[in-house]
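Q: Here's a model I'd like to go through with you. Could you take a close look at a single part of it?

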Amino acid sequence: MRKLIIICAVIMLVAVTSLPAQDAQEIAKAVYDLPDGNTSSHVAVLTLIDKSGKSRVREIVQFNMKDGTTKKNVTVFRSPKDVAGVSYLSFDYPDNPDGSAKDSDSWLYLPAMKKVRRVSGSSKDDDFQGTDFTYDDMGDRSLGKDTFAILGEDNVDGIACWKLEYTAKDKNAKISRRVLWIGKDNYVTYKGEYYDKQNKLFKTLVCENIEQIDGYWTTQKMTMTTLTTNHKTVFEMKDIQYDKDINPAFFTVSALEREQVK
Amino acid sequence: MRKLITAVLSVLVLCIPVYGQDVDYSGSFVSQAGVGLPYTHDNKGDFLISQTYFDSTFRAYMDETMLYVNSILMYDALGDQTSNGVSAFVDDDGNFALQLKEAYFDWRGEKMALRVGRQISAWGKADGVQIADILCPQDETKLIASDYKDSRLGIDAVRLSYIGESSQTDFYWIPIFTPSTTPEGIDDYHQPDKGLYSSEYAARFSKYMSAFDFSFYGFYGWEDLPLISSDGKGKYKRMAMVGADAAIPVGDFVLRTEAAFFPQRYMQKETGTTRRNQVKALAGFDWTPSGGWTITAQYVADIVTGGDSSLVRHTYEHMATLNIEKTFMNETLTLSAECYADLRYFSTSTELMAEYKLTDAITMYLIADFFLEGPEKEGMYGEYRDLSCITLKGKYSF
């Protein structure tokens, strides 16, 4: 009888482990490929809060459009007023065939200068306009920049998640390792931990107000806290629209220069 | 009472046309004062700058059109505003001035666009240096605590554009000539006649690609500064220019280059003028390593053909610029150092600046401008030595 139980247990174990489990790379790709419409737009309010509780607010409007495999996006600052009208156009491309990340094409328009500047599209490790988010955090970080591993499984507010580890290939990257809690059912990120070069916990991410809008999973509130400075940024989205007509001319350098996008 | 009625009518005129439109009103209030540094001889401790100004921008949008008006109301405690674009009013001592920097309407169709009125266009890839950026004249009255980008004056022009997916072609017709302003004023100079035959013309073609951006420029018009004829009178001369530029992103760098050719340009001699071919060219880069650093460096060469010792300039002049900027405390504090060096005499102009955002609306600046002579006590920046000063500036944006 004992033998039978052991055999059954072994058979069940083999059966379970031979199920088509997703590996880390596949999960990361599913997160990257999470549908977000052919076009989308939203207004984002970023509240920067320092350790004394003093807050500063930035409001931006973002438009996104897919053009073949190219993701085009334009960001326009509405506040604070001294940077209102500053706009940023970026074309993001799929990774190179060898798996390495391809630089984005980026242009910046500064109303005070009255001209558009070509800017480097490779450095996305920097903080986005003084917030605790980097340019990479705000967009889709290229899969070619990391290696992946599943650290385990966990629940976040009752949601079953994978703990997925992203390790930067660049040994000099400011953030060497990210651990994200990815929903098993929807591939949405529910929370995250970011580690510095010394593998010390550097930033934490909390995602809230996650729901489907027009059929697309949308995270409407994210809070990123930098532990070393106790500074945090709350990113809240409103006026979210998917698959609505957006003038393709918005995604041109000419539109930036003519202050056409607002 | 008449003033009150005028004011009420002005408000009504401003308000009525914008009914039903998307309207935006923004601007800034700036107050700044600066004193001469200890090595500035008689200027030591004297106020060299003391200005208060209100810069406001009004935009009205309707469908594909935009109305844009930008004006500055200024009070200069040290007096003497210049004419042309900045005209003294209210009192006769020249303390107050109103400047209409830009006022135009803009229409954009599917492929074509039109901009009519007083407008500013910036050409070229250079940063803070004039190579092909000759479309707009400059306010040359401001030297300390000011920026090259703020010195452009509007031109009264019609701009017609053809817009492609990744390119733009602009044609400019500038029927009314606008000269640069100078500290001496321009009243004594003979300006071109105000007539159709005095018009200026310009064109630009720009292409934006993944590997690089480039532009071509053409201009036929007038010199923005007068030349002194052999009879001792200042006159504005005709000039032409063709130019090109490119910006090439390479990793964390953006390489920039720009060149302009001026055929048979009028040049100032010790007595009278002569004509020479002139080439100006620039090579430089922007480097944005992570960590909030921005580093910009440029080399500029300015060559005039044909040796002539009677020219008031050298046939070969060159200079370099370096700008280092670093942000701190979530971009609340920015420190920057900007240096222009004349490589013939090694005279330099250096600006050190600390910029602190007190709140989202208020920014405070501490600016030190140093003009230093070269070893031979000469050079283009050395002559401004006694204007070296330290300035405190506050700005409120709304």
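The part in question is strand 13 of chain A: which strands does it pair with, and how do they run?

A: Sure, but first a bit of housekeeping. This is a predicted model, so local features need pLDDT of at least 70 and side-chain atom pairs count only at pLDDT 80 or more, while totals for chains, interfaces and linings use all residues. Residues are numbered from 1 along each chain as its sequence is written, and chains are lettered from A and ligands numbered from 1 in the order in which they are written.

Chain A has four helices and 13 strands; these are DSSP runs numbered from the N terminus, helices being H or I with at least four residues and strands E with at least two. Strand 13 covers residues 231–242 and runs antiparallel to strand 1 (residues 39–49), with nine bridges between the two. Strands count as paired if DSSP finds at least two bridges between them. Within that pairing, Ala44(A) sits opposite Met237(A) of strand 13.

Strand 13 also pairs with strand 12 (residues 216–226), again antiparallel, through six bridges. Here Met224(A) has Thr233(A) in strand 13 as its bridge partner. Strands 12 and 13 form a hairpin with four residues between the strands, and Asn230(A) takes a positive phi near 55 degrees there. As you follow the strands, keep in mind that in a regular strand the side chains alternate between the two faces of the sheet.

For the wider setting, 32% of the 262 residues of chain A count as buried, meaning that 20 or more other C-beta atoms, placed from the backbone, lie within 10 Å of a residue's own.

Key: Buried ≥ 20, exposed ≤ 12 C-beta atoms within 10 Å, placed from the backbone.
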